[in-house]
Amino acid sequence: MDTVAWSRPEGERAGTPLLLMLHGYGSDESRMKALFADLPKGFTCAAPRAPKDISGDYGWFLLDYFLANDFAEVVGAASAVLSWLDTVMARYAFSSVSVLGYSQGMAMATTLMRFRPRVFSAGVGLSGFVLRNELLATMEPLEHRIPFYWARDRADLVINPDATAFTADWLATNTELSAANYDGMGHNTRADELADVSSFLTAHIPGSFVPSG
C-alpha cells in the first residue's frame, strides 16, 4: 500500500474511527478521495491504491464480465491490505475500523471481512458484489455478523445477475444487512445514496458524528 489518500493530516488521526475505502476496477484512490467530504466528519478516511496495474489505472485483481478471478491474486491483495491495516492500527490506535468498497472494492471489502470477521465494526458496499469462493465458504457463515449497508441500482448492468443473486444471499446470511435501491443511478454513486450511507455509519459507529459548525 504505497499510495494512500487520507482525509486527515497525520497528527489528527490517533484515536479516531477509521473508514477504510476501497476503489473499483480500473480506477484509483482519487475516486474514493472525492467522497471524503460526503461522509461523517468524525472518521479518518483512508483510501489505498490497489496494487494491480490495469492499463495505467489500478485494480485489486484481474476481472472479466463474469467476475472470474484468480484466487491467489485475491488472497495476495487482501493480505497486503490487512498487513497495512495492522501497521496503521499500531501507529494511530484507531477506535474502530469500518470498511467501504465501491464495485470491485466491495468484493475486496467483504473478502477482508471473511478473513478477519471481528476486525470490522461496520461495512458498506456500493454498486458491488461478493466473491463466490468454495474455500472461503467452508468457514461460513461468519462467526461475527456486522451491520452492512448495500446500496445499488437494480438496473445496474455492470454486475451480472448471478453475481447479484449470490451477493444478496451471502450478505443476508453473513451480515446484519440493510439494503437500498437507487433507481436511475446506474453503476455510480450519488448524493442521496451517500447521505444514507452517512446516516447508517453514524448510527453504528461511536465518534463518527461531528456536528457542523
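The following paragraphs describe the sheet of this predicted model, the helices that pack on it, and one residue, Thr167.

An open sheet is formed by seven strands, which follow the order 1-3-2-6-7-8-9 with mixed pairing. Its edges are taken by strand 1 (4–6) and strand 9 (176–181); each has a single partner strand, so one side of each is left without a neighbour in the sheet. On average, and with direction ignored, neighbouring strands of this sheet are turned by 15 degrees against each other.

Within the sheet, strand 6 (residues 96–102) runs parallel to strand 7 (residues 122–126), and five bridges join the pair. Val99 has Gly123 of strand 7 standing opposite. Strand 6 is also among the strands touched by helix 2 (residues 71–92), which packs on the sheet and contacts strand 1, strand 2 (17–22) and strand 3 (44–48) as well. The direction of helix 2 makes about 40 degrees with that of strand 1.

Helix 5 (residues 161–174) lies across strand 8 (147–152) and strand 9, and runs at about 160 degrees to strand 8. Thr167 belongs to helix 5. Its relative accessible area is 0%, and the threshold for a buried residue is under 20%, so Thr167 is classed as buried. Beyond its neighbours within four places in sequence, Thr167 is in contact with Met106, Phe129, Val130 and Trp150. Of these, Trp150 is 17 residues away along the chain, and its C-alpha atom is separated from that of Thr167 by 9.6 Å. The side chain of Thr167 also has a polar atom 2.8 Å from the backbone oxygen of Ala163.

Notes
Residues are numbered from 1 along each chain as its sequence is written. This is a predicted model: local features need pLDDT of at least 70, side-chain atom pairs count only at pLDDT 80 or more; totals for chains, interfaces and linings use all residues. Side-chain values use heavy atoms; hydrogens and water are left out. Two strands pair if DSSP finds at least two bridges between them. Helices (H or I, at least four residues) and strands (E, at least two) are DSSP runs, numbered from the N terminus. Axes are lines fitted to C-alpha atoms, for helices over the stretch in contact, and angles run from 0 to 180 degrees between N-to-C directions. Contact means heavy atoms within 4.5 Å. Buried means under 20% relative accessible area, exposed over 50%, partly exposed in between (1.4 Å probe, protein chains only). A polar contact is a pair of N or O atoms within 3.5 Å; within protein, one must be able to donate a hydrogen and the other to accept it, and residues adjacent in sequence count only if both atoms are side-chain atoms.
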